[in-house]
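Thanks for coming. I will keep this short and stick to what can be read from the structure on the screen.

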Amino acid sequence: MLGYNLPLHEQFILLWKRIFTGDLGWSTYFSAPVSSKILEIVINDLLLIAPAIIVSWFLGNWLGALAARYRALDRVLVPLMYVLTATPYFLFGLLLVYVFGVVYGVFKPVITSTDIHGLFVNPCWETLLNFLRAYTLPFLSMVLVSMGGWASGMRTLMIYELESNYARYMESLGFSARKISSYAFKYAINPQITGLGIQLGTIIVAGLALSSIFNYPGAGIALIYAINYRDVFLIQGIVIVYTIMVIAANFIIDIVYVVVDPRLKVGFTSG
Amino acid sequence: MFGLTKSITWNILRRNAKFWSCLAVIISVIGLATVGPYLTPYKPLEYTSPKLPPLTPGHIFGTDNLGYDVFSATVYGLRVSLSVGLIAAVVATTIGTVLGLIAGYKGGIADSVIDGFAILILTMPSAFILIILGTFYIRADMGVAGGWREIMNIVFLGSMIGLLMWHWTARAVRSQVAALKVSDYVAVSRLSGNSDLKIIVKDILPNIASYIALVFVIQLANGLLTAVTLEFLGIKASEWSLFARIMQWLQMGALTAHVWWAWLIPGGTLVAFIASLYLVVLSLEEVFNPRLRRI
């Protein structure tokens, strides 16, 4: 069944054949096919990671641009941004769990798969509330930490643009500061879009650390179990699927980049 | 760069309170990790009395619910994490600088190959690789502190982290070198018959040295963050890796024991250290780069 009796090169071809047909082997830890287990894990992870990435990206860029524009705000925001980005995800998660989950029991300190799937199976007020109580803390710890990184990057980029010649020229023509910032923002946002693709690898680590804090049924917990119980097929499956996901996301971002940056669009249509 | 603008640099830096306070934090944390183990009579895994709050005489940071002294846990743990981060930063900076110089100066095929490797590392989630390598290659049978096995593990883990993040340095160095390569003084140097190696060492490297130093500090902060996260996930270089212990301690359900100081004090120290590294680089960038200087 596994083909270990075949010569090496045929085993290798078999591996790729199986990957392309969606067969990633049998997970010994979960006693289930790896592909169906990974599908479950990926959906859980996307549910947590995708909204967190998007929200933190927009929020961080907005905050960074704001800090670049207003000096008084800058003084307060800069240390805050850098402290947030210097915090390991798990430590921030731990702090939130302790304060809001244990001391003031506003939110649940763990999130289980029933909290997530309950909302989809039976969407009503009660399951939504239950979902939010469990979901808020992992979401918040992810958003706030990665927001610090985006904001600090955006602040530097915006300052560069606001000090550039065209911004000075606009200033001397009498454009409002608001108008100048909106032009500068369009330039400054481009590296941040590329950064979104690059940061995905880091954000997956965040998912790993947070899923072990909140017991979130994502790739983190699965990978730790898989390694401890030497579940080779599950490890291989997770690594393959997540690498493909990062590459796919980078590809999508490259396409978005063409749409967002008019210079590239001109290059494509006229070239 | 340093020589010419020294007085201006000094004048700007001298007034920057943020820079000095951050530098003070960095130095004191490094000092704590270096001399701390000599200040405490307790070993990090030595039982004292449980749940003492911070500022108890004899236990400045208190003790956790299992009776371990938090101060000695912090200083011994910081030592391990800082060594791993430092090794990672040194490895990444060395490899990144050499490859960046080659890619930027030679261009052509060398540039494409190195850039290809950089993109490869960029797209692979390096955490997975580190977790797998760490699980299978770091031996858990560590005996005494400072033993040979412990040092091996620290070097191994540090090098692995460094090998997976050199591309940041390489790309940064490459763009700087590519810009300097076409400048007039390099052309003059080449026309006067200097070899490539001499041009790189004598003409290009001194110009980007301060830049590389800044990237090194950033890499140190990033390496430290990675090392700490790995510790938390159970990939620990030493028996008293701080956050590995915190993880085990959490698994025993100790969050409800309300011994917040046992994880908040070491964690806060680490965050202060990393944030200070970032902020020092920011202040220095403002000095070296007039466009970021807002007056």
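I will go through chain A, then its contact with chain B, then the nonpolar core. Please keep in mind that this is a predicted model.

Chain A first. It has 11 helices and 2 strands. If you read along the sequence, one helix comes first, then the two strands, and then helices up to the end. Along its principal axes, the C-alpha trace of chain A spans about 75 × 60 × 35 Å. Chain A has 271 residues, and 37% of them count as buried. Now take the contacts in chain A between residues at least 6 apart in sequence: 70% of these join residues at least 24 apart.

Next, the contact between the chains. How many residues does each chain put into it? Chain A gives 35 residues and chain B gives 30 residues. On the chain A side, α3 (71-86), α4 (89-103), α6 (125-162), α8 (177-213), α9 (219-228) and α10 (232-260) each supply at least two residues. By type, that side of chain A consists of 26 nonpolar, 7 polar and 2 charged residues.

Last, the core. The largest nonpolar core has 148 residues. Which residues have the most contacts inside it? They are Met158(A), Ala209(A), Ile274(B) and Tyr278(B). Helix α3 (residues 70-106) of chain B gives the most to this core, with 20 residues.

Let us look at Met158(A) in particular. Leaving out residues up to four places away in sequence, Met158(A) touches Gly64(A), Ala65(A), Ala68(A), Ala184(A), Phe185(A) and Ala188(A).

That is the end of my part.

Technical notes. Residues numbered from 1 in each chain as written. Chains lettered and ligands numbered in written order. Predicted model: local features only at pLDDT ≥ 70, side-chain atom pairs only at ≥ 80, totals over all residues. Core = buried A, V, L, I, M, F, W, Y, C linked by C-beta atoms within 7 Å. Buried ≥ 20, exposed ≤ 12 C-beta atoms within 10 Å, placed from the backbone. Helix = DSSP H or I, 4+ residues; strand = E, 2+ residues; numbered from the N terminus. Contact = placed C-beta atoms within 7 Å. Nonpolar A, V, L, I, M, F, W, Y, C, P; charged D, E, K, R; others polar.
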